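Reader: I would be grateful for a close examination of one helix in this model. Please describe how it packs against its surroundings.

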Amino acid sequence: MKCSYFKPSHFKQTIILFAVMVCCFNTQLRAQTDSSIPALKPAKLGLLDIPPTVNKPRLIGVAAGGIIAYGGTLIALNQLWYKNYPKSSFHFYNDNGEWNQIDKAGHAYSAYLEGKICMEMLRWAGVNDKTSIWVGGLSGTAYQTIIEILDGYSAEWGFSMGDMTMNLLGSGILISQHLAWGEERIQLKFSTHFNNYADPELRTRSMSLYGTSTQERILKDYNAQTYWLSVNPWSFMKESRFPKWLNISVGYGADGMFGGYTNTWTDKYGTPHDRTNVQRIRQFYLAPDIDLTKIKTKSKGLKLLFGALNVIKFPMPALEINSAGKLRFHPIYF
């Protein structure tokens, strides 16, 4: 995932676009409160309770919170990413071959995660399931599209159709399952670790590419990221004795990448570097996982916490096979 060169004017345009989108959604939602049946006196609603109909204060809070959170995210991404790159006229950019497609997996996961959050927030506001699924589920792609448009004005990057395809895939994985099954039997998850780049030349290059802070490394280090499809077998065979909470997951990662396409670069002093001796590899994983949402608890607070943590792959043993032809067993992999 990337973020374009960003200016205050872009922020204003983005907020306006997002506000228009929220207003359009809100017009759709108003119909849910219309009824010829006299309203009954509502029972006291707890903070984590789901209202039976649209709760206007909550809906307004969700809309306002979405605008603030998204604006804040754009500002944060600008600080962590490409704030010093020049602008250009709008253009497209084909980056499908970069970074062994780890960035593309990141786009699918981001759209899925953002859509999942918005879907649950709309449900918390009392919006009906169908509207929550479509509006919330597509919001991830909507958010990413605005960022992609801004990228289209960046001289260094551009509007990527590959990114947009993966954004739609992430939203599609979320929406299709809720429409078909009313639940997520296949979840997208994320894990990462901190690589120790012992080679001084590679360490300097990694700091230039992936940053030095914890936040930057989590967001940027494609050599450390793994994206997972985590399947819950019990959901497909609910009469079986298979543990309800146990998932089987397949993961994809990569390593040895110190440039988008090749491990050659020129540093800020104009010195060329050639590290093509470092092999760029793809990594495929098979591992058990835990579906935290399937753990029984009467606590609504714990259910909320388990749901929030469930987008992260639980550290477990993993079997790796990579494009270098090596088979490895990891006692604990994250």
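Author: The account below takes helix α3 and its neighbours in turn. The model is predicted, so that local features need pLDDT of at least 70 and side-chain atom pairs count only at pLDDT 80 or more, whereas totals for chains, interfaces and linings use all residues. Residues are numbered from 1 along each chain as its sequence is written, and side-chain values use heavy atoms, with hydrogens and water left out.

Helix α3 covers residues 102-124 and helix α4 residues 129-151; their axes come within 7 Å and cross at roughly 140°. This makes α3 oblique to α4, a class left over once angles under 35 degrees (roughly parallel), over 145 (roughly antiparallel) and 65 to 115 (roughly perpendicular) are set aside. Axes are lines fitted to C-alpha atoms, for helices over the stretch in contact, with angles from 0 to 180 degrees between N-to-C directions. Helices (H or I, at least four residues) and strands (E, at least two) are DSSP runs, numbered from the N terminus.

In the contact (heavy atoms within 4.5 Å), α3 contributes residues including His107, Glu114, Cys118 and Arg123, while those of α4 include Asp129, Ile133, Tyr143 and Glu148. The residues of this contact divide into seven nonpolar, ten polar and four charged.

Helix α3 also lies across β1, β2 and β3, at about 125° to β1. These strands belong to an open, antiparallel sheet of six, ordered β1-β2-β3-β6-β7-β8. Strands β1 (186-192) and β8 (327-333) stand at its edges, each with a single partner strand, so one side of each lacks a neighbour in the sheet. Neighbouring strands are turned by 25° against each other on average, direction ignored.

Technical notes: Nonpolar A, V, L, I, M, F, W, Y, C, P; charged D, E, K, R; others polar. Pairing = 2+ DSSP bridges.
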